[in-house]
Amino acid sequence: MTQIASTPTTPSAVGGQPGGAVSTATSGAAERRAQSRRHYFTGTPGRMRLMAAIASALCLAFALAGFTGLRGVQTSVDRASANTEQVVRARAIYADLLAADAAVTNGFLVGGLESAASRKTYDEAMARVAENIATAASAQEADGKALAALNEEVQNYAANIDRARTYNREGKPVGAQYLRIAGTDLRAQALPIADAVATANEGRAEDAYGIGAPGWLALGTGLVALGGLLAIAVWLARRTHRYVNLPLTAAILLVGAALGLAAWHVTQVANTLNDARNGEYKAATALAQARAAAYDAKANESLTLIARGSGQTFEKAYQDSSAKTLDKLQELVNADPAQDSLRSRFGAYTVKHSAIRKADDGGDWTGAVKLATSDAADSANDTFRQFDQAASTVLAQEVKSITTAFDRIGGWLLPWVAGGAAALAALLAGRSMSRRIEEYR
C-alpha cells in the first residue's frame, strides 16, 4: 500500500497572503495614518489649523463663561433684593412684638379694661407678626426652624397677656405679675430668636451685595479670548502678509462687543449694589433697629410706672433703649442725611418722658400715669405715634428705593446676547484659516 505524504497548507498554497505580509501591511497603514495626523498639524498649514482650533476654543470658553457669569450677576441682584426684604421682615417682627408689648403695658396703667386704641394697636401689631412669620418662613427655607420656634414663643406671650388681661379686669394685682412675666419671656425667648433671624439674613444680604466670582470670571475669560484672538491675528498677518482676515476680524469684533457689553453691565450692577448697600440698605436696617429700640423704651416707660416705686430696673432699660434708638437714628442720618427730622421727633418724645418721670419722682404717680396714658394732641403717646408713623413711612421708602433700583438694572437678555455673540465668533474663528490653508495646496 502506497503512503501519500501530506503537504502543510499555507496561505500561499491557497492563494492568500502570508501572515507576515498581512501584519506588515496593517502596521504600515497605521503608520501612514499617524504620519498623516502629524502632518495635519505640521508646517504652516498645520499651525494655521492649530491656531484656528485655539481661537475657536477661546471663543467657546467665553461664550460659556459669559452666559453663566451674566446669569450669575442677575441672580446676585435677585438674591440681594430677596435677602433685603427678609431682613426688613425679620426686623419688623422684632419691632412689632415690642410695639404690641408697649401698647398692652400702656393700656394696663389705666386699670380695668384697656382703651380701644391700645387694644387695636396690640391686635394689629400681633397680626403683622403672624403674617410676617408666615411670609418669612416661605421666603427663606433656612429660617424655617427658627421661625417655628419664634411662633411658639409668640403664642406663649399672647397666652400670658390674655391671663394678665383677665386678672386686670378683675382688679387683681396678679395681672401685673403676668404682664411682667409676658414681657420678660418676650425679651428672653422670642426677641433673641427674631434678632438671630434678622442677623442671619443681614449676613446673607451682605454676601449678595456683590457681583461674585461668576461675573468677574466672565470678564476675565473675555479678556483672555480677545487677547488670544488679537495675538493669532498678528501671527497670521506676519505669516501671510495679509493684514485683514475677514472671519477672524469678525470674530474679534463680536468678542470685543460681547466683552464690552458684559463689562458695562457688570460695572452697572456693581455700582448699583454698592450704592444700595451703603445707602438705602444701611439706612433701612438702622431705622428698623431704631424703631424696635424705641418701642422697647416705650414699653419700659409703662413698666416703670406699673412697678410703682420699684421700677428703677425698667427706667434703666428705658435709658439704654432710648440711647440705642438715637444711635441708630444717627446711623440712618449718616446713610441718608435727608432723614434728620426723625431724631428731632424722637427727641420730642424723650422730653415728654422726662415730664412723666418728673411727676412720678415727685410723688405724683397719678399725674404721671395720666401723662403716660393720654392720647391727646402733643401728649407722650401722640408724640411717640408721630415719630413711629414718620419712621414707618421712611422705612417703606428706603426699601422701595432698593427694589426700584434693582428693577431698573434689568439685563435678563444680556447673557443670551453675549453668549450668542461669542458662540458665533467661535464658528467664524474655526473657519478663519480655510482659505489660507487652501493656498498651500
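**Entry 1. Starting point**

A helix is here a DSSP run of H or I with at least four residues, and helices are numbered from the N terminus. With this in mind I looked up Ser374 and found it in the loop between α10 and α11. I note at the outset that the model is predicted.

**Entry 2. The whole protein**

I recorded 13 helices and 0 strands. Read from the N terminus, the order of elements is α-α-α-α-α-α-α-α-α-α-α-α-α. The protein has 441 residues, of which 46% are buried. I then looked at contacts with a separation of 6 or more: 83% of them join residues 24 or more positions apart. The exposed area comes to about 22000 Å², and carbon and sulfur atoms supply 57% of it.

**Entry 3. Confidence**

I noted an average pLDDT of 84, with 88% of the residues scoring at least 70. Over residues 1–16 the pLDDT stays under 50, and the model has 4 contacts beyond four places in sequence for this stretch. Where pLDDT is low, predicted coordinates should not be read in detail. I therefore left the arrangement of residues 1–16 uninterpreted, given their pLDDT under 50.

**Entry 4. Ser374 and its loop**

Is Ser374 buried or partly exposed? Its relative accessibility is 24%, so I entered Ser374 as partly exposed. A polar atom of the Ser374 side chain lies 3.2 Å from the backbone nitrogen of Ala376. Not counting residues up to four places away in sequence, Ser374 touches Ser379 and Asn381. I also checked Ser374 against Asn106: the two are 268 residues apart along the chain, yet their C-alpha atoms are separated by 9.8 Å.

**Entry 5. Asn106**

I turned next to Asn106, which is found in helix α2, residues 43–108. Asn106 counts as buried because its relative accessibility is 7%, below the 20% cut-off. What does the side chain of Asn106 reach at 2.8 Å? I found the backbone oxygen of Ala372 at that distance. The Asn106 side chain also makes a polar contact with the side chain of Asn381, at 3.2 Å. With neighbours within four places in sequence set aside, Asn106 is in contact with Ser118, Lys298, Ser302, Ala372, Thr373 and Asn381. Asn381 had already appeared in my notes as a residue touched by Ser374.

**Entry 6. Helix α9**

I measured out helix α9 in the model by its ends: residues 341–361, 21 residues in total, reach 30 Å from first C-alpha to last, close to the 30 Å expected. Which elements do the buried residues of α9 pack against? I listed α7 (246–306), α8 (312–335), α10 (365–373) and α11 (380–409). The buried residues of α9 include Leu342, Phe346, Tyr349 and Ile356, together with His353, Arg357 and Asp360. Just after α9, Gly363 takes a positive phi of about 95°.

**Entry 7. Helix α8**

The 24 residues of α8 should span 34 Å at 1.5 Å a residue, and the end C-alpha atoms are 35 Å apart, so the two values agree. Among the buried residues of α8 I noted Phe314, Glu315, Tyr318, Ser321, Lys328, Leu329 and Leu332. The buried residues of α8 pack against α5 (174–208), α7, α9 and α11.

**Entry 8. Nonpolar cores**

In soluble globular proteins, nonpolar side chains tend to be buried together. I looked for such groups here, and the largest nonpolar core has 71 residues. Leu97, Tyr122, Leu150, Leu287 and Leu342 have the most contacts inside it. Another core lies apart from this one; it has 45 residues, among them Ala258, Val266, Ala276 and Phe406. I then followed Leu342, a buried residue of α9. Beyond four places in sequence, its contacts are Leu287, Leu329, Leu332, Phe387, Ala390, Ala391 and Val394. Of these, Leu329 and Leu332 are buried residues of α8.

**Entry 9. Ile193 and Asp296**

Ile193 lies in helix α5. I compared Ile193 with Leu150: they are 43 residues apart along the chain, and their C-alpha atoms are separated by 6.1 Å. Outside its neighbours within four places, Ile193 is in contact with Ala146, Ala149, Leu150 and Glu153.

Asp296 lies in helix α7. Its relative accessibility is 17%, so I entered Asp296 as buried. Leaving aside neighbours within four places, Asp296 is in contact with Leu98, Arg187 and Ser321. Ser321 is one of the buried residues of α8.

How values were computed:
Residues numbered from 1 in each chain as written. Predicted model: local features only at pLDDT ≥ 70, side-chain atom pairs only at ≥ 80, totals over all residues. Heavy atoms only, no water. Helix = DSSP H or I, 4+ residues; strand = E, 2+ residues; numbered from the N terminus. Buried < 20%, exposed > 50% of the residue type's maximum accessible area, 1.4 Å probe, protein only. Polar contact = N/O pair within 3.5 Å; in protein donor to acceptor, adjacent residues only side chain to side chain. Contact = heavy atoms within 4.5 Å. Areas by Shrake-Rupley, 256 points an atom, 1.4 Å probe, with all protein chains shown as cover. pLDDT = per-residue confidence, 0-100. Expected span 1.5 Å × (residues − 1). Core = buried A, V, L, I, M, F, W, Y, C linked by side-chain atoms within 4.5 Å.
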